[in-house]
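Subject: A structure for you to explore

Hello,

I am passing on a protein structure for you to look through. Please open it beside this email and follow along at your own pace.

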Amino acid sequence: MAKYLIINADDFGLNHEQNEAIKDLLTNKLITSTSLMSVAPKATDATTFAKSIDFPVGVHITLNSDEKNYTYASLTGAPSLGKDGNFWLESKNLTFKAKRKDVRAELEAQYRYITDKGAKVDHADSHCGTVYGINGRRFYLDAFDFCKEHNLPFRFPKTVGFLERQIGMKIPTPIVKIQQMIVHTAEKRGVKLLDDLVSNPWSMDKIKDYDTLKKYYLDAVDNCIDGVTEIFLHPALPNESCGKEWQKRDFEYQLLKSGDLLQRAEDKGIKVVGWNVFESEII
């Protein structure tokens, strides 16, 4: 089987710095996908731009606030999803208080936010993995039902490589079985999934410099498996007010801006594609 690579920029709509970087990358055709946060402060700007260039976006399913400086308002305002209209900050609250019917309604509202403004949606994925089952809740069932209804592929890998890279160790057998159960559940519903998924999980304390981050992603391209792999990054312009971890986003922007990932894929005979690859008969 051939190798296909989606290069995705996450968190479109988060803030000015994120939006301007992603707009630049889209304009210059340096990425093949982006995921839009319907609940983020600059979501309207992101949606307007996507519509203006007729570029489909992913609905970046968001069910949590990231930190006190980054709280997001639920589009449905369901009390089980947060307090005072904002999503819960602590994950335990989402785990123990969220009602699945409210989750399903929120997914629909975030999708409609994009499409009602005239932009197209080509896939769904999950901010912080809140619908992947890692919080002990089966929100992935609601995500799969949502994807089936709208005929959307979903960001979840069929293989365990992503999990192993994220935690830096071999995955225990019980976790592998759960992951495969989730994959089987999606396939039973006819929801198409990625074969592999890559993103750098390291903090800046470990990354330290641009070259280290660049090597990580170039190695990821070199090691692409057969099928469809997505590499997702969070490119942004510099923003000193966000602390040292924001430097990682700046590095990722520099890397995507360089075109080095695209060039490495070409050198390796890997076809760089968008999510519309799942509409092809070859997948």
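Below is what was found, starting with the pockets, then a pair of helices, then some single residues. Please keep in mind that this is a predicted model.

**The largest pocket**

A good place to begin is with empty space. Rolling a probe the size of a water molecule over the atoms shows where such space is left. In this model, the largest pocket holds about 1,400 Å³ of space. It is lined by 50 residues, and H127, C128, G129, Q166 and F232 are the closest to its centre. If you select those five residues in your viewer, you will land in the middle of the pocket's surroundings.

Which parts of the fold build this lining? At least two residues each come from strand β1 (3–12), strand β7 (154–157), helix α6 (161–167), helix α7 (173–188) and helix α10 (246–258). Helix α7 gives the largest share, with five residues. Sorted by class, the lining of the largest pocket contains 25 nonpolar, 14 polar and eleven charged residues.

**The second largest pocket**

Next comes the second largest pocket, with about 430 Å³ of space. Its lining is made of 18 residues, of which D122, P153, W275, N276 and E279 are the closest to the centre. Strand β6 (121–126) and helix α5 (139–150) each contribute at least two residues to this lining. Here the classes are nine nonpolar, five polar and four charged residues.

**Two helices side by side**

Now turn to helix α1 (residues 16–27) and helix α2 (residues 43–52). Their axes come within 11 Å and cross at roughly 10°. Angles under 35 degrees count as roughly parallel, so α1 is roughly parallel to α2. Which residues make the contact? From α1 they are N19, E20, K23, L26 and T27, and from α2 they are D45, A46 and F49. By class, this contact of α1 with α2 has three nonpolar, two polar and three charged residues.

**Two residues with positive phi**

Two backbone angles are also worth a look. D11 has a phi near 65°, and K29 has a phi near 55°. Both values are positive, and neither residue is a glycine.

Their surroundings can be compared as well. D11 sits in strand β1, while K29 is in the loop between α1 and β2 (33–36). Are these residues buried or exposed? D11 has a relative accessible area of 2%, so it is buried. K29 has a relative accessible area of 69% and is therefore exposed.

**Single residues and their partners**

R104 belongs to helix α4 (residues 100–115). Its relative accessibility is 19%, and buried means under 20%, so R104 counts as buried. Leaving out residues up to four places away in sequence, R104 touches D142, D145, F146 and E149.

K214 lies in helix α9 (residues 210–222). With a relative accessibility of 25%, K214 counts as partly exposed. Which residues does K214 contact, leaving aside its neighbours within four places in sequence? They are L255 and D260.

**Distance in sequence and in space**

The last three examples set separation along the chain beside separation in space. A78 is in the loop between β3 (57–61) and β4 (82–83), and is buried, with a relative accessible area of 13%. A78 and E106 are 28 residues apart along the chain, and their C-alpha atoms are separated by 8.3 Å.

G118 is in the loop between α4 and β6. At 41% relative accessibility, G118 counts as partly exposed. G118 and D54 are 64 residues apart in sequence and 9.3 Å apart in space, from C-alpha to C-alpha.

For the third example, return to K214. Along the chain, K214 and R137 are 77 residues apart, and 35 Å separates their C-alpha atoms.

Enjoy exploring, and write back with any questions.

Best wishes

Key
Residues numbered from 1 in each chain as written. Predicted model: local features only at pLDDT ≥ 70, side-chain atom pairs only at ≥ 80, totals over all residues. Heavy atoms only, no water. 1 Å grid on protein atoms, 1.4 Å probe; cavity = no way out; pocket = protein on both sides within 12 Å on 5 of 7 lines; lining within 4 Å. Points joined across faces, edges and corners; volume = space filled by probe spheres on them. Helix = DSSP H or I, 4+ residues; strand = E, 2+ residues; numbered from the N terminus. Nonpolar A, V, L, I, M, F, W, Y, C, P; charged D, E, K, R; others polar. Axes fitted to C-alpha atoms, helices over the stretch in contact; angles between N-to-C directions. Parallel < 35°, antiparallel > 145°, perpendicular 65-115°, else oblique. Contact = heavy atoms within 4.5 Å. Buried < 20%, exposed > 50% of the residue type's maximum accessible area, 1.4 Å probe, protein only.
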